[in-house]
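Hi,

Here is the structure I said I would pass on. Have a look at it first, and my notes follow underneath.

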Amino acid sequence: SSENAIRGLLMHLMDIPPDRIQDVQIPTGLPLVFNLEKRCIQLLDDGVERESPTALWEQYNFGTAPELLFKPCTADPDELTSNSNKNKKKKTTQKNN
C-alpha cells in the first residue's frame, strides 16, 4: 500500500528504527512536507489556531509514536552538508576498496 511505501521512506529520511516504524501512521489527505535542509517534517498551516503544538497529533492519527515523525526543525544546514560530504567520502572509499 502507499502508506507502507511512505512509511519506508520516512524510516530512512527520519532515522526511525525499523522496530518502531510500525508505531507510525500516515493520515490520509494530510499534506506532509519534508524539509531536506533541516531533515524534518512540517505540516502545511491550515489556518486553525490550536492551544498547543501537539494538538494536531490529537486531531489526526499519527499512530502511537508521532514524536518519531515530528522532531524539531533546528538542524544547522552546515552540519548537514558536512555529514553528507562525510557519507560521500565513505561511499567512495568503500567503492575503491
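To start with the inside: what share of the 97 residues in the protein do buried residues make up? The figure is 24%. Do keep in mind that this is a predicted model, so everything below is computed from predicted coordinates.

On the overall layout, the protein has 3 helices and 2 strands, and along the sequence they come in the pattern α-β-β-α-α. About 7,200 Å² of the protein is exposed, with 51% of that supplied by carbon and sulfur atoms. If you look at contacts between residues at least 6 apart in sequence, 57% of them join residues at least 24 apart.

Now the core. The largest nonpolar core has 14 residues. Leu10, Ile16, Val24, Ile41 and Leu69 are the ones with the most contacts inside it. Leu10 is a handy place to begin clicking around: leaving out residues up to four places away in sequence, Leu10 touches Asp15, Ile16, Ile26, Ile41 and Leu69. Two of those names, Ile41 and Asp15, come back below.

Next, the aromatics. A search of the whole structure turns up 1 aromatic pair. It is formed by Phe62 and Phe70, which sit edge-to-face, with 5.0 Å from centre to centre and 85 degrees between the planes. Are these two rings buried or exposed? Phe62 has a relative accessibility of 1%, so it counts as buried. Phe70 is at 17%, and since the cut-off for buried is under 20%, Phe70 counts as buried too.

The strands make a hairpin. β1 (residues 32-35) and β2 (residues 40-43) pair in the antiparallel sense, over 4 bridges. Across the pairing, Leu32 stands opposite Leu43, and Phe34 stands opposite Ile41, the latter being one of the core residues with the most contacts. There are 4 residues between the strands of this hairpin, and Arg39 takes a positive phi there, near 50 degrees.

Arg39 also brings us to the charged side chains. How many salt bridges does the structure hold? The count is 4, and I will go through some of them here. Arg39 pairs with Asp15, with the closest N and O atoms 3.3 Å apart. This one links distant parts of the chain, as Arg39 is in the loop between β1 and β2 while Asp15 is in the loop between α1 (2-13) and β1, 24 residues apart. The two partners fall into separate exposure classes: Arg39, at 34% relative accessibility, counts as partly exposed, whereas Asp15, at 55%, counts as exposed. Asp15 is also among the residues that Leu10 touches.

Then there is Arg20, which is worth a view of its own. Arg20 forms a salt bridge with Asp23, where the closest N and O atoms are 3.1 Å apart. Arg20 also meets Glu67 in a salt bridge, at 3.9 Å from N to O. Why does that second pair tie together separate parts of the chain? Arg20 lies in the loop between α1 and β1 and Glu67 in the loop between α2 (55-59) and α3 (77-96), so the parts being tied together are 47 residues apart in sequence. Through the shared partner, Arg20, Asp23 and Glu67 are joined into one network. As for exposure, Arg20 is at 30% relative accessibility and counts as partly exposed; Glu67, at 39%, counts as partly exposed as well.

One last spot to look at is Thr54. You will find it in the loop between β2 and α2. Thr54 has a relative accessible area of 31%, so it is partly exposed. Thr54 and Pro66 are 12 residues apart in sequence, and their C-alpha atoms are 9.3 Å apart in space.

If you want a short tour, I would go from Leu10 and the residues it touches, including Ile16 and Leu69, to the Phe62 and Phe70 pair, and then on to the network of Arg20, Asp23 and Glu67.

Cheers

Note on methods: Residues are numbered from 1 along each chain as its sequence is written. This is a predicted model: local features need pLDDT of at least 70, side-chain atom pairs count only at pLDDT 80 or more; totals for chains, interfaces and linings use all residues. Side-chain values use heavy atoms; hydrogens and water are left out. A nonpolar core is a set of buried Ala, Val, Leu, Ile, Met, Phe, Trp, Tyr and Cys residues joined through side-chain atoms within 4.5 Å. Buried means under 20% relative accessible area, exposed over 50%, partly exposed in between (1.4 Å probe, protein chains only). Contact means heavy atoms within 4.5 Å. Rings of Phe, Tyr and Trp (its six-membered ring) pair if their centres lie within 6.5 Å; planes under 30 degrees apart count as stacked, over 60 as edge-to-face and the rest as tilted. Two strands pair if DSSP finds at least two bridges between them. Accessible areas come from the Shrake-Rupley method with a 1.4 Å probe; for residues, only the protein chains shown count as cover.
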